[in-house]
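Colleague: I'm new to reading models like this one, and I'd like a close look at its buried inside. Please start with the overall picture, then take me inwards and explain as you go.

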Amino acid sequence: MTTAAMWVLGILLFLVGLLFSIAWHELGHLSTAKIFGIRVPQYMVGFGRTVWSRRKGETEYGIKAIPLGGYIRMIGMFPPGPDGRITQRSSSPWRSMIEDAREASYEELQPGDEDRLFYTRKPWQRVIVMFAGPFMNLILSVALYLALFMGIGMQTAVPTISTVSECVVPAGVATDTCPKDAPKSPANAAGLRPGDTVLAFDGDRISTYKQLQADIRKSPGKTVTILVERKGEQIPLTATLTSNAVNPVDKDGLPVKGAPVKAGFLGFSPATGVAHLSLGQSVDQMTTMARHGISSLAELPGKIPGLWHAIVGHDPRPADSPMGMVGAARLGGEVFAMNIPATQQLAFMVQLLAGINLSLFLFNMLPLLPLDGGHIAGALWESLRRKVAGLFRRPDPGPFDVAKLMPAAYVVAGIFICFTALVAVADVVNPVKLN
């Protein structure tokens with residue numbers, strides 16, 4: 001296939017995966033709502049004009065033209081208003097936002113629905129219904145990550161030498177040749193060669209590059225023995241490490257922003273290989289992903305100025321810049337257009353969709369309307385109020401009227417829409433580039 005055809009194929013595969021992720025999310029809401037006897041008139045994937053739909057039982061299932069969200073419509077999302085009317089709302093988190101006001105959806109109720117309203121269910125049941133959607137994204141994310149880590153394998157740095165630095169040059173100094181006064185790198189002086197695999201460093205058996213990197217960084221000025229395998233033969237080498245300005249990394253060995261730091265320096269670049277992780281290693285890796293996801297979510301507001309500058313400025317967009325579905329689809333197309341093995345293309349797509357599902361879980365758990373977490377918070381608050389009232393033998397305060405939070409929900413929805421539009425524009429005019 002041509003490069004252009006592969007690019008289109010990558011985008012199409014991403015869109016199929018995204019649509020499945022959305023449908024999977026809404027299936028969680030749908031299935032639990034039906035278990036608890038709540039009537040669900042609609043289950044839709046996408047927004048806008050309906051492309052296809054079919055009614056089965058009391059629910060209309062369909063696909064809409066814009067594949068950027070989805071929703072289910074449950075009746076009785078809100079308790080009766082002051083006029084005694086009961087309305088229905090959509091349980092869609094941020095995709096359909098807020099629909100009509102309480103009175104606008106009152107006409108859709110049918111005789112016999114009095115016992116099938118969302119708000120009449122116990123708080124713990126409502127929590128399950130609203131949590132089920134994000135939880136389905138979490139399940140899918142875990143399944144994809146396990147398939148990637150344990151099945152396909154992931155591209156990672158390995159303790160094999162790719163290139164050897166000729167001299168010691170501080171990080172951040174751009175140079176194609178060694179300065180006249182630059183000393184030889186310890187790796188060069190010790191006789192390390194491209195293709196050597198490090199088996200042991202200063203008596204420490206090496207199994208991962210992360211382990212080797214940590215050992216090197218904590219050994220400035222130290223003379224060590226390095227055992228390497230070269231063409232099937234084990235060769236001991238001696239190197240005296242130096243101290244150099246190197247790029248900072250976190251506790252997982254991943255590069256982070258910041259000024260160069262002083263650390264032990266050997267002077268080589270690692271090769272890249274495919275690693276198949278054990279179940280325990282996969283769980284550790286997923287925990288790291290979740291931790292980074294939470295921190296990235298907390299840092300989103302601070303990255304808005306950078307997004308604006310990426311649109312109006314000319315500087316390359318940072319690799320850690322927030323990216324929307326437009327940018328993700330574009331990356332999927334770029335990877336499939338690359339001249340790399342199909343397994344690497346598949347691994348990238350699986351990792352991309354796994355990360356998106358993890359982000360959908362974390363994002364939807366924010367305790368803000370119209371997100372699922374906002375409805376969960378409302379149900380938990382109602383449960384707390386009723387338990388406190390029972391403890392002090394006060395009258396039952398009744399269901400918590402989430403509709404009272406609609407003004408705040410409109411503000412939150414407006415912020416989400418503006419942020420989504422800002423990211424989409426940045427993804428078009430100044431996209432994140434693959435390195």
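Modeller: Of the 435 residues in the protein chain, 44% count as buried. Keep in mind that this is a predicted model. The chain has ten helices and eleven strands, and its C-alpha atoms fill a box of roughly 85 × 60 × 45 Å along the principal axes. If you take the contacts between residues at least 6 apart in sequence, 64% of them join residues at least 24 apart.

Now for the inside. In soluble globular proteins, nonpolar side chains tend to be buried together. In this model, the largest nonpolar core has 52 residues. Phe-14, Met-74, Val-129, Tyr-145 and Phe-149 have the most contacts inside that core. Helix 8 gives the most to it, with eleven residues. There is also another core lying apart from this one, with 19 residues, including Ile-161, Ala-190, Ile-235 and Leu-241.

Let's zoom in on Val-129, one of the core residues with the most contacts. You'll find Val-129 in helix 2, which covers residues 123-152. Is Val-129 buried or exposed? Buried means under 20% relative accessible area, and Val-129 has 0%, so it counts as buried. Leaving out neighbours within four places in sequence, Val-129 is in contact with His-29, Thr-32, Ala-33, Phe-36, Ile-38, Met-74 and Phe-118. Met-74 is on that list, and it is also among the residues with the most contacts inside the core. Phe-36 is a nice one to trace: Val-129 and Phe-36 are 93 residues apart in sequence, but their C-alpha atoms are 8.6 Å apart in space.

Next, follow Phe-14, another of those core residues with the most contacts. What does Phe-14 do in the contact of helix 1 with helix 7? It is one of the helix 1 residues that make the contact, along with Thr-3, Met-6, Trp-7, Leu-9, Gly-10, Ile-11, Leu-13 and Leu-18. On the helix 7 side, the partners are Met-325, Ala-328, Ala-329, Arg-330, Gly-332, Gly-333, Glu-334, Phe-336 and Ala-337. By class, this contact has twelve nonpolar, four polar and two charged residues. As for the geometry, the axes of helix 1 (residues 3-35) and helix 7 (residues 325-337) come within 7 Å and cross at roughly 135 degrees. Roughly perpendicular stops at 115 degrees and roughly antiparallel means over 145, so helix 1 and helix 7 count as oblique to each other. Their crossing is right-handed.

Helix 8, the one that gives the most to the core, has a helix pairing to look at too. Helix 5 (residues 279-299) and helix 8 (residues 342-364) pack at an angle of about 55 degrees, with their axes 10 Å apart. That angle is not under 35 degrees and not between 65 and 115, so helix 5 and helix 8 are oblique to each other as well. The crossing of helix 5 and helix 8 is right-handed. Helix 5 brings Met-289, Ala-290, Gly-293, Ile-294 and Leu-297 to the contact, and helix 8 brings Gln-351, Leu-358, Leu-362 and Phe-363. Those residues divide into seven nonpolar, two polar and no charged.

Carry on along the chain and you reach the loop between helix 8 and helix 9, where Pro-370 is found. Most residues other than glycine have a negative phi, and most peptide bonds are trans. Here, though, the peptide bond from Leu-369 to Pro-370 is cis, with omega near 10 degrees. Further on, in the loop between helix 9 and helix 10, comes Arg-393. Arg-393 isn't a glycine, but its phi is positive, at about 55 degrees. It is exposed, because its relative accessible area of 80% is over 50%.

Finish in the segment after helix 10, where Asn-430 sits. With a relative accessible area of 12%, under the 20% cut-off, Asn-430 counts as buried. Not counting residues up to four places away in sequence, Asn-430 touches Ala-310, Asp-315, Pro-316, Arg-317 and Val-425.

Methods:
Residues numbered from 1 in each chain as written. Predicted model: local features only at pLDDT ≥ 70, side-chain atom pairs only at ≥ 80, totals over all residues. Heavy atoms only, no water. Axes fitted to C-alpha atoms, helices over the stretch in contact; angles between N-to-C directions. Helix = DSSP H or I, 4+ residues; strand = E, 2+ residues; numbered from the N terminus. Left-handed = near helix turned anticlockwise from the far one by under 90°. Contact = heavy atoms within 4.5 Å. Nonpolar A, V, L, I, M, F, W, Y, C, P; charged D, E, K, R; others polar. Core = buried A, V, L, I, M, F, W, Y, C linked by side-chain atoms within 4.5 Å. Buried < 20%, exposed > 50% of the residue type's maximum accessible area, 1.4 Å probe, protein only.
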